[in-house]
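Here is a friendly walk through one protein model and its ligand. Please have a look at the sequence and the 3D view before reading on.

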Amino acid sequence: MIWDFCKTNLTIAGKILFMRTVFWEDNQLKMIDQRILPGRFEVVSFQDHASVARAIKDMVVRGAPAIGAAAAFGMALAGYASAATSSRELLDDLQAASDTLKAARPTAVNLAWAVDKVLWVAEKLKDERKPDELRRLVLSAAQRIADEDVEINKRMAEYGALLINDGDTIIHHCNTGALATVDWGTALGVIRTAHQQGKRIHVLVDETRPRLQGARLTAWELEQYGIPYEIISDNMAGYFLRSGKAQKVLFGADRVAANGDVANKIGTYMLALAAHDNGVPAYSVVPTSTIDLSLAHGGLIPIEERDPEEVLGIQFQGERVAPVEAEARNIAFDVTPNRLITGIVTENGVVYPPFEVNLKKTVLGE
Ligand code: MRU
């Protein structure tokens, strides 16, 4: 048996048992490079906030809670890199860094949420603390966001696992596991907890074109956890739902509007439509930090459009699929209207319609 232990990742016999996707070590931010999995498992280090912003844009790190934690640590790096000699000057530098980090990807609200949470600490204490103390407090705030993410995921997973029956086949979209968070996961976290409880589960993993987060990352994670799965191309989900071969649909979200409309990885809308048409429950699993009560409905959520090359660059039998002259669109997220969502699983419990009323209660604790 081979033990390979570092502060953040524990591997036994080639299987990862415990892992942190985003972590602080040796005064640097370290992150698992998600562009090269499952072929290679590598951890990359970051020393400045601008390279963290680039890593978020290029999807070295991806998944709403993971990019939030990465950006929070990016703020800590900006604090340590700043030459400011007063706390007010430091705050100016942190504000500039926050703009760069927030601009990296537009759809996941967790990014701005995490950056603002860290910034708020610096703003609140700027008149009371010396710059070096403030730098340390910014790092502690980032570390708290990362640690709480793991706890929150585990709480959500307990609530979500109550919805899963022994023998269920679950269709899962994108990657929502440890890799999309700091550890454990949102929708995949529910699957992990239900599996740990001894429920026999089979996962149909949407491959999730064009970046293939399902086929590459979710499949890799399920291998690590020993959970049975099969990869399906995204357009097969309707077949499994219509033929009664799937009992649940689970996905995460990058932003949930106040009325329960859910922005998530492109293809979620079509999956939820097919689930609804066949009476199969579809749940979105999200920390409350993903719920944006400031937006009345999903039409107001900014939707990222990425480089068309991510669509065009795919190969078939070793050859590029599309003609060299071809053009493409690469919309990264879609919005699933609330009427197609059975429930939204959060760390405070499962929220059911009417979402306008119940989400507010869940988020604000009313
Ligand atoms: O483009 P990505 O890979 O960052 O998209 C991620 C997703 O759509 C996830 O489903 C979402 O972030 C929620 S999972 C924690």
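## Sorting the residues

In this report, Ala, Val, Leu, Ile, Met, Phe, Trp, Tyr, Cys and Pro count as nonpolar, Asp, Glu, Lys and Arg as charged, and the others, Gly among them, as polar. With that sorting, the shell around the ligand holds 7 nonpolar, 7 polar and 4 charged residues.

Two notes on reading the model: it is predicted, so local features need pLDDT of at least 70 and side-chain atom pairs count only at pLDDT 80 or more, while totals for chains, interfaces and linings use all residues. Residues are numbered from 1 along each chain as its sequence is written, and side-chain values use heavy atoms, with hydrogens and water left out.

## Around the ligand

There are 18 residues around the ligand (a heavy atom within 4 Å of it), and R62, R105, Q213, N264 and K265 come nearest. Some polar atoms pair up with ligand oxygens (N or O atoms within 3.5 Å). A polar side-chain atom of N264 is 2.7 Å from a ligand oxygen, and for a polar side-chain atom of R62 the distance to a ligand oxygen is 2.8 Å. G63 brings a polar backbone atom, 2.9 Å from an oxygen atom of the ligand.

How much of the ligand's accessible area does the protein cover? On its own the ligand has 410 Å² (Shrake-Rupley method, 1.4 Å probe), and the protein covers 99% of that area.

## Where the ligand lies

Domain 1 (2–153) and domain 2 (160–364) both give residues to the shell, so the ligand lies between them; these bounds come from an automatic or database domain assignment. Two elements give two or more residues to the shell: α2 (64–81) and β12 (262–265). Helices (H or I, at least four residues) and strands (E, at least two) are DSSP runs, numbered from the N terminus.

## Backbone points to check

Most residues other than glycine have a negative phi, and most peptide bonds are trans. A cis bond joins L37 and P38, with omega about 5 degrees; P38 sits in the loop between β5 (28–32) and β6 (43–46). Another cis bond joins R209 and P210, with omega about 0 degrees, and P210 lies in the loop between β8 (202–206) and α7 (213–225).

Methods:
Polar contact = N/O pair within 3.5 Å; in protein donor to acceptor, adjacent residues only side chain to side chain.
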